[in-house]
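Please open the structure in your viewer and keep the selection tool at hand. We will go from stop to stop, and at each one you will be told what to select and what is there.

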Amino acid sequence: MDSSTPPRQRPFKQVDVFSGQAYFGNPLAVVLDGEGLSDAQMLRFANWTNLSETTFLLPPTPEGRAGGADYRVRIFTPGGEMRFAGHPTLGSCHAWLQAGGRPRATQRVVQECAVGLVAVRRNDTRLSFAAPPLKRTAPGAMQLAQIAAALGLKSQQIIAAQMLDNGTAWLGLLLDDPHTVLQLKPNQLELKSLGLKVGVAAFYADEQGSALISRSNREARAFGNSPSPAPAADDEAAPNLEVRAFAAPVGILEDPVTGSLNASLAQWLIAEGHAPANYLAAQGTCLERAGRVFVTTDAQGQVWVGGESVTCIDGTVLL
């Protein structure tokens with residue numbers, strides 16, 4: 001640790017994001033008071049938690065406060081800082097509100113991060129962030145062929161592909177069938193050597209409904225040797241989209257539920273007519289998770305990405 005700041009007890013929460021049931025979403029470590037910590041201290045702690053992301057909450061910068069920010073967040077993986085990430089945005093907001101944070105607006109929180117200001121809407125138990133502006137380009141043919149080979153995909157199974165960047169970069173692949181998504185067994189060493197994070201997705205046919213969801217869970221267990229994810233509530237809508245995220249280049253073989261990827265996928269797929277303006281995505285099936293990501297589009301065309309969060313650990317951390 002950096003000896004310039006003596007360790008002290010700081011308020012801390014560990015939150016499960018994109019799930020209303022603890023331990024079935026994507027965990028996030030949140031240090032609610034990050035003031036005085038150096039970059040090295042933040043990175044060391046993020047490395048120690050060994051979670052995909054750890055966040056540190058701070059007062060807004062003067063510029064952020066002038067723009068309406070309620071708080072500032074810094075987001076770290078075990079290997080470095082991120083400019084933006086989705087599940088840390090929702091999980092940090094959940095933790096901030098639960099700890100007594102008071103936003104300037106009743107139904108809206110404004111978070112400052114490295115990409116700028118991100119609006120978060122409050123709706124009952126669900127929080128939704130405004131998807132940041134997306135940059136997208138077509139991948140090179142050789143690059144796409146190498147990724148397909150690493151995933152074990154045939155060219156005819158790929159409907160569309162785009163390089164997506166909203167503060168964190170992904171290669172997005174729209175595949176032919178959810179079962180193709182669930183049955184993937186990537187060559188992780190090859191994906192790491194190619195240096196690209198890859199998100200794959202496929203839509204369920206409208207008429208297939210929840211019976212097909214149950215079948216997909218059985219197949220995921222068969223191919224992934226994993227037990228069942230959390231059972232869906234009787235009144236829970238069946239997901240429209242199945243998503244998986246592979247991030248071997250940053251040390252995460254498969255991310256349970258990924259807000260930034262789902263935001264990018266939504267903006268791309270809606271814009272290109274592959275997806276409706278509003279839909280429900282499932283992610284984490286092959287990891288014994290039951291992540292649910294709610295995508296909605298408002299009258300101004302802004303895409304919002306939302307889900308529930310639940311606090312699993314609440315206390316202090318010596319940092």
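A residue is called buried when its relative accessible area is under 20%, exposed when that area is over 50%, and partly exposed in between. With these cut-offs in mind, select R136, which at 31% relative accessibility counts as partly exposed. Please remember throughout that what you see is a predicted model.

Stay with R136 and add E272 to the selection, since the side chains of R136 and E272 meet in a salt bridge with a distance of 2.9 Å from N to O. This pair links distant parts of the chain, with R136 in strand β9 (residues 135–137) and E272 in the loop between α8 (259–271) and β15, 136 residues apart. Like its partner, E272 counts as partly exposed, here at 44% relative accessibility. Salt bridges that share partners also join R8, R10 and D33 into one network, and the structure holds 7 salt bridges. Side chains of opposite charge can pair when their charged atoms come close.

Next, select R74, which counts as buried at 15% relative accessibility. Which residues form salt bridges with R74? One is D39, whose closest N and O atoms to R74 are 2.9 Å apart, and this pair again links distant parts of the chain, with D39 in helix α1 and R74 in strand β4, 35 residues apart. Another is E81, whose side chain meets that of R74 at 2.7 Å, N to O. Both acidic partners are partly exposed, D39 with a relative accessible area of 46% and E81 at 40%.

From D39, extend your selection along helix α1 (residues 39–49), where you will find that Q41, M42, F45, A46 and T49 are buried. Seen down the axis of α1, these buried residues fall within an arc of 130°, so they line one face of the helix. If you colour the strands, you can look for what covers this face, which includes β1 (9–17), β2 (26–31), β3 (54–58), β4 (71–77) and β17 (303–318).

Just after α1, select N50, which takes a positive phi of about 60°. Most residues other than glycine have a negative phi. Two further stops share this feature of the backbone. Y23, in the loop between β1 and β2, has a phi near 80°, and this residue is exposed, with a relative accessible area of 59%. E288, in the loop between β15 (279–283) and β16 (291–297), has a phi near 65° and is partly exposed, with a relative accessible area of 35%.

Now move to I159 in strand β10 (residues 158–165). Leaving aside neighbours within four places in sequence, which residues is I159 in contact with? They are L174, L175, D176 and H274, and the C-alpha atoms of I159 and L174 are separated by 5.5 Å although the two residues lie 15 residues apart along the chain. L175 also leads to the next selection, T180 in helix α5 (residues 178–182), which touches L153, Q157 and L175, not counting residues up to four places away in sequence. At 12% relative accessibility, T180 counts as buried.

Finally, select two cysteines: C93 is buried, with a relative accessible area of 0%, and C286 counts as buried at 12%. How many disulfides does a search of the whole structure find? The search finds 0.

Conventions: Residues numbered from 1 in each chain as written. Predicted model: local features only at pLDDT ≥ 70, side-chain atom pairs only at ≥ 80, totals over all residues. Heavy atoms only, no water. Buried < 20%, exposed > 50% of the residue type's maximum accessible area, 1.4 Å probe, protein only. Helix = DSSP H or I, 4+ residues; strand = E, 2+ residues; numbered from the N terminus. Arc of directions from axis to C-beta. Contact = heavy atoms within 4.5 Å. Disulfide = S-S within 2.5 Å. Salt bridge = Lys/Arg side-chain N within 4 Å of Asp/Glu carboxyl O.
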